[in-house]
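Student: I'd like to go through the contacts in this one. Please start with the terms.

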2 protein chains.
Amino acid sequence: MAGVSYATVSRALNGSDEVNEKTRKRVLEICDSVGYSPNALARGLVTNSSNAIGLIIPNITNPFYPEVALGVEGEARARGYNVFLCNSNFEPERMESYFRILIERRVEGLIVASVPDAARGLFDFYRKKMPVVYIGSRPADEECNCVATDSVKGGYLAAEYLIKLGHRRIVFIGGTRTSNSQIDKLRGFRLAMEEHGLQPEVRLNINYQFNKRESGYDMAKVLINEKNPPTAIMGSNDMVALGALEACEEYGLDVPGDMSIIGFDDIPYASLPKIQLTTIAQAKYDLGKIAVDMLFKLKESGLKNNCMKEVLQPELVIRSSCREL
Amino acid sequence: MAGVSYATVSRALNGSDEVNEKTRKRVLEICDSVGYSPNALARGLVTNSSNAIGLIIPNITNPFYPEVALGVEGEARARGYNVFLCNSNFEPERMESYFRILIERRVEGLIVASVPDAARGLFDFYRKKMPVVYIGSRPADEECNCVATDSVKGGYLAAEYLIKLGHRRIVFIGGTRTSNSQIDKLRGFRLAMEEHGLQPEVRLNINYQFNKRESGYDMAKVLINEKNPPTAIMGSNDMVALGALEACEEYGLDVPGDMSIIGFDDIPYASLPKIQLTTIAQAKYDLGKIAVDMLFKLKESGLKNNCMKEVLQPELVIRSSCREL
DNA sequence: ATAATTTCTGTAAACGTTTCCGAGAATAGA
DNA sequence: TCTATTCTCGGAAACGTTTACAGAAATTAT
């Protein structure tokens with residue numbers, strides 16, 4: 001329509017400098033007068049790039065993930081990338097299915113949060129072929145391409161705080177499904193307890209294997225009903241802690257009067273009036289943002305440096321669910 | 001490698017019935033022994049389909065949206081589609097930017113939640129060219145392709161409940177940014193009040209224009225400090241109500257003892273122990289799921305029937321943030 | 001046995017871009 | 001004026017699939 005070749009139109013649209021300003025103007029004008037929209041699929045095919053990344057999370061409904069997702073999407077957007085949202089629902093088969101699909105779509109990178117041990121091998125396999133970064137895994141020596149909170153420090157901080165308040169019987173509760181971050185929280189918890197000559201107690205819920213509200217509610221109920229209940233409960237995350245809170249409420253136990261409760265994550269719920277859960281804060285948005293940064297560094301390095309790590313520091317945020325004994 | 005043509009490989013991979021079972025087996029085996037992965041971009045180019053849809057929401061951090069997103073993603077997945085997650089942050093420019101990008105990507109449909117009046121024209125323009133369905137808009141006569149909760153009924157239900165509890169001075173609070181759903185909630189609220197010969201009072205927050213926690217907190221504070229405070233507050237959504245709850249807490253007002261508060265949405269926060277917010281529940285997951293269903297119906301009809309509506313019924317869920325006067 | 005089907009497979013065009021290469025036009029240098 | 005550069009632009013191949021069409025092989029019918 002403009003009397004020029006496809007090549008010239010392409011150059012005009014992509015801001016190439018080897019096209020005359022006048023013809024560019026003309027091309028651009030015609031383009032939006034006819035409502036032309038370039039086909040990203042065709043472009044991707046020839047440039048061998050999709051400008052897309054995949055985000056695999058267990059469940060966007062868990063309030064920890066939306067903030068991570070926001071960080072991922074925000075940073076991706078700033079770089080001209082879009083993100084495919086995938087809920088794995090903790091199921092390895094679903095993860096695998098999404099994995100295949102995303103690879104077919106030629107996403108240029110993959111961010112996966114909270115990968116369960118069961119799916120670990122799968123991801124490590126693909127990691128060699130494309131940039132994949134984990135969120136929330138432990139940055140241990142053998143662990144690569146992850147951005148995580150220092151969970152052992154987080155666990156330590158929580159336990160130490162309770163100990164300093166004078167608590168002696170503190171029990172850690174959560175689901176049985178292990179993840180690296182869970183293992184680390186436990187390690188920190190045990191470390192603090194043992195350093196102070198205390199006996200670390202851990203109760204993982206068999207009925208509710210994931211770290212969700214029900215796990216905490218259920219587990220706290222059995223603790224409360226024991227002959228000699230603990231004075232403090234540490235939840236593997238805030239949802240678990242909230243569940244414990246619920247159980248206390250149900251049994252008429254005042255928090256923190258009769259029971260101290262501490263969580264992990266600092267999800268928005270935690271700061272709600274009347275809840276005021278003391279917890280260990282993670283920089284959730286940053287986890288997402290940094291993961292994207294890492295993805296691109298990985299990509300630029302051509303997967304040469306395929307073992308990056310970034311550790312964020314947790315922070316104790318004191319509200320009012322714990323009291324001095 | 002299998003000694004067959006591209007065409008045959010394509011047929012083998014796509015489950016066509018015009019390929020010999022033996023050769024299909026052989027092709028499939030070779031494919032996964034060499035780790036072959038079909039290129040979705042190329043496929044999309046020739047089949048003129050992307051198998052993707054776009055989801056534009058204000059902010060995934062607002063707990064209402066993750067559940068909607070889950071419904072969208074779940075239903076899309078069931079149909080073999082993936083979803084691009086886009087946070088508009090309520091900014092029309094961002095929405096427009098995403099719109100262009102998604103169209104370039106040739107998404108086969110668009111779901112947009114809570115579109116502000118300012119961006120309405122933009123969307124209506126594109127609606128003629130591709131399936132777009134709104135979530136949360138008012139299914140009024142002039143409104144098309146939306147799945148929404150009957151907000152006027154919701155507003156009515158909330159007000160009616162408070163009135164029946166004996167409240168006379170009830171004020172509706174929220175942000176000033178109007179949306180169709182907000183308008184409808186107000187309409188229902190006014191209707192109920194007037195039917196009972198009561199004066200509807202509405203206070204929209206100029207400082208915090210969106211329906212978020214701060215809007216409610218801020219507005220409730222001024223109400224509390226008035227010479228003659230209301231006995232009940234109705235929040236435009238749960239976040240606003242929670243903000244009001246926070247303000248009451250700060251001023252030592254007991255809820256529901258000194259102040260009754262009702263919300264809208266029934267986000268997970270609302271059911272938390274100690275919060276127990278009475279509210280109007282929306283079927284959030286269904287909103288998302290049905291939106292996808294509608295998208296496909298629209299697509300199949302070739303945009304012939306371009307004015308579909310689906311109205312979901314709200315439900316009053318009584319917890320303990322309101323008391324009888 | 002031949003003819004008529006049916007089943008299977010290959011050829012080649014098409015999808016809508018980008019980009020290498022080369023060529024003509026305009027400009028600068030001599 | 002002529003040559004050497006610099007600007008612009010077009011031609012054509014390439015990206016990796018799908019699919020209409022046609023042809024070959026195998027099967028069935030006569």
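Tutor: A salt bridge here is a side-chain nitrogen of Lys or Arg within 4 Å of a carboxyl oxygen of Asp or Glu. This is a predicted model, in which local features need pLDDT of at least 70, side-chain atom pairs count only at pLDDT 80 or more, and totals for chains, interfaces and linings use all residues. Residues are numbered from 1 along each chain as its sequence is written, chains are lettered from A and ligands numbered from 1 in the order in which they are written, and side-chain values use heavy atoms, leaving out hydrogens and water.

Student: Which residue does Arg100(A) form a salt bridge with?

Tutor: Its partner is Glu96(A), and the closest N and O atoms are 3.0 Å apart. Both sit in helix α5 (residues 92-104) of chain A, four residues apart, so about one helical turn separates them. Helices (H or I, at least four residues) and strands (E, at least two) are DSSP runs, numbered from the N terminus.

Student: Buried or exposed, or in between, for Arg100(A)?

Tutor: In between: Arg100(A) is partly exposed at 46% relative accessibility, and Glu96(A) is also partly exposed, at 30%. The scale is buried under 20% relative accessible area, exposed over 50%, partly exposed in between (1.4 Å probe, protein chains only).

Student: How many salt bridges over all chains?

Tutor: The search of the whole structure gives 29. One of them joins Lys289(A) and Glu75(A), at 3.1 Å from N to O. Lys289(A) belongs to helix α11 (residues 284-300) of chain A and Glu75(A) to helix α4 (residues 64-78) of chain A, so this pair ties together parts 214 residues apart in sequence. Glu75(A) is buried at 13%, whereas Lys289(A) is partly exposed at 28%.

Student: And what does Arg94(B) pair with?

Tutor: Arg94(B) has a salt bridge with Glu91(B), with 3.7 Å between the closest N and O atoms. Arg94(B) is partly exposed at 23%, and Glu91(B) is partly exposed at 28%.

Student: Which residues do shared partners join into one network?

Tutor: Glu75(A), Arg79(A), Lys289(A) and Asp293(A).

Student: Switching to the DNA. How many residues surround strand D?

Tutor: There are 23, the closest being Ser5(A), Thr8(A), Asn20(A), Thr23(A) and Ser10(B). A residue is near a molecule or strand if one of its heavy atoms lies within 4 Å of it. Among the atoms of DNA strand D within 4 Å of the protein, 67% belong to sugar or phosphate, and the rest to bases.

Student: Which side chains have an N or O atom by a phosphate oxygen of strand D?

Tutor: Among them is Thr8(A), with an N or O atom of its side chain 2.5 Å from a phosphate oxygen. For Arg43(B) that distance is 2.9 Å, and a polar side-chain atom of Asn14(B) is also 2.9 Å from a phosphate oxygen of the strand. The cut-off for a polar contact is a pair of N or O atoms within 3.5 Å; within protein, one must be able to donate a hydrogen and the other to accept it, and residues adjacent in sequence count only if both atoms are side-chain atoms.

Student: Which element gives the most to the surface near strand D?

Tutor: α3(B), with four residues. By type, the residues near DNA strand D split into 10 nonpolar, 10 polar and three charged. Ala, Val, Leu, Ile, Met, Phe, Trp, Tyr, Cys and Pro count as nonpolar, Asp, Glu, Lys and Arg as charged, and the others, Gly among them, as polar.

Student: Now strand C. Which residues come nearest?

Tutor: Of the 25 residues around DNA strand C, the nearest are Ser10(A), Tyr36(A), Thr8(B), Glu18(B) and Thr23(B). Sugar and phosphate make up 64% of the strand C atoms that come within 4 Å of the protein. A polar side-chain atom of Ser10(A) is 2.4 Å from a phosphate oxygen of the strand, and one of Thr23(B) is 3.1 Å from a phosphate oxygen. Asn20(B) uses a backbone N or O atom, 2.8 Å from a phosphate oxygen.

Student: Last topic, the sheet in chain B. What is the strand order?

Tutor: β7-β6-β8-β9-β10-β12, an open sheet of six strands with mixed pairing. β7 (201-205) and β12 (315-317) of chain B are at the edges with a single partner strand each, so one side of each has no neighbour in the sheet. Two strands pair if DSSP finds at least two bridges between them. Strands β6 (residues 170-175) and β8 (residues 232-235) of chain B pair in the parallel sense over four bridges, and Ile170(B) has Ala232(B) as its bridge partner in β8(B).
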